Structure formats: C-alpha cells, structure tokens
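Reader: I'd like to go through this one with you, starting at the ligand and working outwards. Can you walk me through it?

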Amino acid sequence: MSSRRCVVIGAGILGASVAARLASAGMQVTLLDRDRPGRGTSRWSFAWLNSNDKAPRHYHDLNHAGIRAWAELAGDLDGDAWYRPSGHVELADPGDPGTGELAARVSRLTEWGYPARIIDPAEAARLEPALRVPAPGAFFLREGYLLTEPLIARLVARAQSHGAEVRTGEPGRVTRLEPGSVPRVRTAAGTVLEADDVICCAGRWTPELAAVPLVPWRIPGSTAPGLAVRIGPVTPPGLSRLVHTPDLALRPHPGGLLHLEAPDTVVDLHTQEAELDRWAEELLRRAQRTVRGLDAARVVDRKVCPRPMPTDGQSIVGRLPGTPGVYVAVTHSGVTLAARLSQLIAEDLTTSTPPACLAPYTPARFT
Ligand SMILES: Cc1cc2nc3c(=O)[nH]c(=O)nc-3n(C[C@H](O)[C@H](O)[C@H](O)COP(=O)(O)OP(=O)(O)OC[C@H]3O[C@@H](n4cnc5c(N)ncnc54)[C@H](O)[C@@H]3O)c2cc1C
C-alpha cells in the first residue's frame with residue numbers, strides 16, 4: 001500500500017479531499033493543479049451542505065452521508081475555520097400553493113431520517129431575528145454551509161503533512177493522460193509522471209482529459225452557469241444561517257458579507273456585463289427586502305460560474321472503461337459530497353470489492 005503512487009488532477013474541493021484521504025492512508029500522492037488550489041468552481045459555490053431535494057433515494061442517501069462526513073472531519077481538521085453547521089431556514093410564499101410541496105418534502109425527508117420540521121412565522125423570527133417579514137416555512141436542522149477556501153487550504157496542508165507533493169502552475173497543468181498498466185500524466189512543463197492510479201478531479205474541465213459526458217457549459221444558453229453575488233457591509237447581527245425565500249438564497253460570507261443566489265437569474269458566460277450588473281443589483285434589492293441591516297450594503301463581487309453537471313444529473317465516480325489506470329470523479333453538489341466521496345474513492349482504490357453505494361455512479365453506465 002505505502003508504495004502505491006497516485007496522481008490526483010485538480011485541487012478543488014474534490015481533488016483536495018481525495019489527495020488528503022489517500023496521503024493519510026499511506027499512498028505516495030502527487031496533487032496537480034494549473035492554478036492555485038481552490039480557485040476553480042469551488043471558490044464561487046453557494047456551498048450549501050444539503051440533501052434537501054435530491055433524488056433518487058440512493059443519491060439522497062449519498063448526500064446525507066456527505067453532510068455527516070464533513071461533521072466527522074471538522075473535529076480533527078480545524079473545523080472552526082470552515083465548517084458552518086448552521087441549519088437552514090426555508091421560507092414559503094404564503095400565497096403560493098408551493099407551500100404544499102414544502103410540507104410534502106419535509107414529510108418525505110423525516111420519513112427518511114433527515115431532520116426537518118415545519119415552522120410558523122414566530123419560530124422563523126426566533127431563528128433569524130434579522131428577517132424583515134418572517135413567514136411560515138421549514139427548518140432543516142443538520143444543513144449548513146462550508147467556507148471552501150480555508151477548507152481547501154487545510155486539506156492540501158493535510159495531504160502535504162502526509163508526504164504529498166503539490167505542483168501548481170505550468171508544472172501542475174496536465175496536457176495529456178496516457179492510460180495503461182502504468183498510466184502516465186504529461187504536464188505543460190514537459191514532465192511525465194508515472195503512477196499506479198491517476199484520479200481525475202478536474203471538475204467541469206474533466207472532458208478535456210477523460211471522456212465523461214457533462215452539460216456543455218461554454219455555449220450560449222447553457223444551464224450550467226450560475227450567478228454568485230456577494231454584498232456588504234452587513235450591520236450586525238445580520239443572518240446567522242443559510243436562508244431560502246421563494247426568490248433568493250442567502251448565507252453569511254467571511255468579511256461581514258452575504259453570498260446571494262436566485263433561481264431566476266438566467267445567465268451564461270456570454271451574458272453582457274450590463275445585464276450581470278442589473279441582476280446583481282436586483283439580488284441586492286431582494287436581500288434588502290428580506291433582511292435588516294443592509295441599508296449601506298453594495299455589490300462587492302459577482303461571478304458567473306459554471307457547475308460541473310453530468311448529463312444525467314448524477315455523480316460520475318469510478319474507473320473509466322477502456323482507459324486502464326484512470327479513475328474519474330466529477331459531480332454537481334461536490335461541496336456536499338467531497339468528504340464522503342473521498343472516503344469511498346480511497347476504499348475503491350484499495351480493496352478488490354468496490355463500495356456498493358458507488359455502483360449507481362459508475363462511468364460504465366454511459367458505454
Ligand atoms: C453557482 C454555483 C452554486 C453551487 N452551489 C452548490 C451548493 O450549494 N452545494 C453543493 O454541494 N454544490 C454546489 N455547487 C457545485 C459545487 O460547487 C461543485 O460541484 C464543486 O465545487 C466541484 O468541485 P471540484 O473540485 O470537482 O471542481 P473545481 O473546484 O472546479 O476544481 C477543479 C480543479 O481542476 C483544475 N484543473 C482543471 N483542468 C486542469 C488541468 N488540465 N490540469 C491541472 N488542473 C486542472 C482547476 O484549476 C480546478 O482547481 C455549486 C456550483 C456553482 C457554480
């Protein structure tokens with residue numbers, strides 16, 4: 001085991017988690033990223049830890065296990081710096097028949113052992129005193145969010161403390177994967193790395209290196225990109241947890257900011273700057289209508305960021321058929337899933353029996 005050489009491509013939340021897990025298990029790990037760790041999709045994620053509306057049941061269970069895996073890791077990886085198990089308040093629109101959908105979802109989730117309960121406006125106000133118009137809704141007790149940048153820094157440091165080598169910039173930029181009994185990785189610096197296993201965690205760029213079907217994210221009209229908006233300053237006390245209203249998602253962000261998203265922002269990588277500014281201002285106004293303490297707030301940052309979205313909506317995790325030595329891991333909900341997937345990937349690489357709960361996510365389903 002200790003002589004097994006693994007090259008992990010991509011130091012986002014998934015690759016950093018995998019590298020930390022494999023290095024801790026005694027493998028010789030080289031972690032490659034063409035940028036600094038954590039500067040890809042993970043940096044702009046809403047980073048909501050949840051299995052709130054995930055289907056089918058096996059995918060719900062995987063995400064639920066993902067939430068528990070972060071709780072376990074927080075205990076021995078300086079969780080105060082990145083782990084925010086705040087709970088999640090979802091406010092229903094009182095005039096919307098969708099309230100029935102929320103009640104049905106809470107009922108289904110509690111049957112599945114996922115802590116959730118319906119709340120009235122008084123409880124919403126008690127949970128989040130900064131809400132301007134507390135409404136009925138639901139409280140999801142074990143959900144929360146992660147601060148991905150300090151987390152990824154700690155995962156990379158943990159991998160290094162167990163002997164992993166980290167290469168970034170041109171020495172970390174992979175130009176080609178060569179499968180085989182001894183797979184090879186070529187980098188832009190002209191180096192050829194040989195390994196026993198290559199684990200490709202390149203997020204939305206994975207198809208450039210390995211044949212997996214993702215929703216095309218560069219084309220006009222793609223559904224993969226989302227708009228992330230950060231606003232501040234927030235006059236204390238502000239929000240203490242993650243909140244959804246029918247037209248806005250909010251959570252605290254470091255530096256006294258709020259991170260916002262909305263379900264109706266239709267943007268892609270071709271959307272004009274003026275249109276993005278208009279959306280950012282619209283989300284700021286919605287936040288000011290929702291939460292007290294934002295009178296002086298302005299848009300501090302905004303970013304259109306594409307999600308890595310497998311075409312069938314489910315994670316793609318496992319050995320790639322026809323490419324010996326190459327293992328891929330690419331998923332939406334990667335923030336929720338990374339800690340659990342890294343455990344399963346380590347198990348898959350080191351035992352002869354693949355974990356049964358990874359079976360639905362095998363890349364072989366596309367061949
Ligand atoms: C707007 C938005 C909101 C989201 N909200 C949530 C949420 O609330 N909850 C949730 O769980 N998930 C959410 N997601 C999804 C989640 O953020 C992603 O699934 C996750 O960040 C993917 O992590 P990753 O490590 O796979 O990819 P990334 O973070 O993109 O990391 C991939 C890394 O690979 C590197 N790389 C790429 N190509 C190469 C190469 N050739 N050579 C070397 N390095 C390479 C990149 O530089 C990058 O650092 C959201 C995503 C978006 C965009």
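**Around the ligand**

Author: Happy to, and keep in mind that this is a predicted model. Sorted by class, the shell around the ligand holds 13 polar and five charged residues, and its nonpolar residues number 16.

Reader: Which residues come nearest to the ligand?

Author: There are 34 residues around the ligand. Those that come nearest are Asp33, Ser42, Ser45, Gly334 and Thr336.

Reader: How far is the side chain of serine 45 from an oxygen atom of the ligand?

Author: Backbone atoms come into play too: leucine 14 has a backbone N or O atom 3.1 Å from a ligand oxygen, and a polar backbone atom of valine 335 sits 3.3 Å from one. For serine 45, it's an N or O atom of the side chain, and the distance to a ligand oxygen is 2.9 Å.

Reader: How much of the ligand's accessible area does the protein cover?

Author: On its own, the ligand has 1,000 Å² of accessible area. The protein covers 97%.

Reader: Which element gives the largest share of the shell?

Author: Helix H1 (13-24), strand E18 (298-306) and helix H7 (334-350) each give two or more residues to the shell. The largest share is three residues, and it comes from H7.

Reader: Zooming out, what is the radius of gyration of the protein chain?

Author: The chain has seven helices and 20 strands. The globule rule gives 21 Å for 367 residues, and the chain comes close to that, so it's as compact as a globular protein of that length; its radius of gyration is 21 Å.

Reader: And what share of the residues counts as buried?

Author: Here buried means under 20% relative accessible area. Of the chain's 367 residues, the share that counts as buried is 53%.

Methods:
Residues numbered from 1 in each chain as written. Predicted model: local features only at pLDDT ≥ 70, side-chain atom pairs only at ≥ 80, totals over all residues. Heavy atoms only, no water. Near = heavy atom within 4 Å. Polar contact = N/O pair within 3.5 Å; in protein donor to acceptor, adjacent residues only side chain to side chain. Areas by Shrake-Rupley, 256 points an atom, 1.4 Å probe, with all protein chains shown as cover. Helix = DSSP H or I, 4+ residues; strand = E, 2+ residues; numbered from the N terminus. Nonpolar A, V, L, I, M, F, W, Y, C, P; charged D, E, K, R; others polar. Rg over C-alpha atoms; globule rule 2.2 N^0.38 Å. Buried < 20%, exposed > 50% of the residue type's maximum accessible area, 1.4 Å probe, protein only.
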